[in-house]
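Me: Before I rely on any labels in this structure, I would like to see each one argued from its value and its cut-off. Could you take my questions one at a time?

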Amino acid sequence: MPYSYHRAYPRFPLESSAEISTEKAKGISMILTDVSVGGAGILTNIPLDVMGNVEILIKSCFLFKDALKKKAKVAWCKKLGYNLWQVGLDFGVDNLINFS
């Protein structure tokens with residue numbers, strides 16, 4: 001993904017728990033570190049396949065009235081340390097978050 005698109009939308013930093021599901025596993029707990037109109041940043045204890053399809057469930061967050069479920073692609077995955085990965089998710093132009 002080009003760098004310019006990686007920063008296409010302003011981010012809202014936060015710390016919130018969420019779950020992610022992949023084709024291989026359901027309900028993986030993770031930490032949501034930021035969210036924008038077009039994607040999200042997460043921390044997880046398992047690596048995710050770049051360009052893999054996922055579904056994220058944000059259970060409670062001051063930005064959303066109700067739980068939010070979004071389909072996304074894994075844009076990048078970077079190992080930070082033992083059992084810790086930082087991941088960027090891309091919601092795609094047809095699946096943007098409406099913050100209003």
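What follows is a set of questions about labels, each answered by setting a value against a definition.

Me: What makes the confidence uneven along the chain, and which element has the lowest mean pLDDT?

Reply: This is a predicted model, and its chain averages a pLDDT of 84, with 84% of the residues scoring at least 70. Among the elements, helix α1 (residues 3-6) has the lowest mean pLDDT, 48, whereas strand β6 (residues 84-90) has the highest, 95. Over residues 1-5 the pLDDT is below 50, and this stretch has five contacts in the model beyond near neighbours in sequence.

Me: Why is D34 called buried or exposed?

Reply: The relative accessibility of D34 is 14%, and buried means under 20%, so D34 counts as buried.

Me: Why is R11 given its own label, and which label is it?

Reply: R11 stands at 37% relative accessibility; because partly exposed covers what lies between under 20% and over 50%, R11 counts as partly exposed.

Me: How do you know that R11 and D34 meet in a salt bridge?

Reply: The N to O distance between their side chains is 3.9 Å, and the definition asks for a side-chain nitrogen of Lys or Arg within 4 Å of a carboxyl oxygen of Asp or Glu, so the pair qualifies as a salt bridge. R11 lies in the loop between α1 and β1 and D34 in strand β2, so the pair ties together parts that are 23 residues apart in sequence.

Me: What makes K69 and E55 a salt bridge, and why are they labelled exposed or partly exposed?

Reply: Their side chains meet at 3.9 Å, N to O, and the limit is 4 Å, so the pair counts as a salt bridge. K69, with a relative accessible area of 54%, is exposed, because exposed means over 50%, while E55, at 26%, counts as partly exposed. K69 lies in strand β5 and E55 in strand β4, so this pair ties together parts that are 14 residues apart in sequence.

Me: What makes a set of residues a nonpolar core, and how many residues does the largest one have?

Reply: The set must consist of buried nonpolar residues joined through side-chain atoms within 4.5 Å, and the largest such core here has 20 residues, with I20, L32, I42, I56, V87 and L89 having the most contacts inside it. Strand β2 gives the most to this core, with four residues.

Terms used:
Residues numbered from 1 in each chain as written. Predicted model: local features only at pLDDT ≥ 70, side-chain atom pairs only at ≥ 80, totals over all residues. Heavy atoms only, no water. pLDDT = per-residue confidence, 0-100. Helix = DSSP H or I, 4+ residues; strand = E, 2+ residues; numbered from the N terminus. Contact = heavy atoms within 4.5 Å. Buried < 20%, exposed > 50% of the residue type's maximum accessible area, 1.4 Å probe, protein only.
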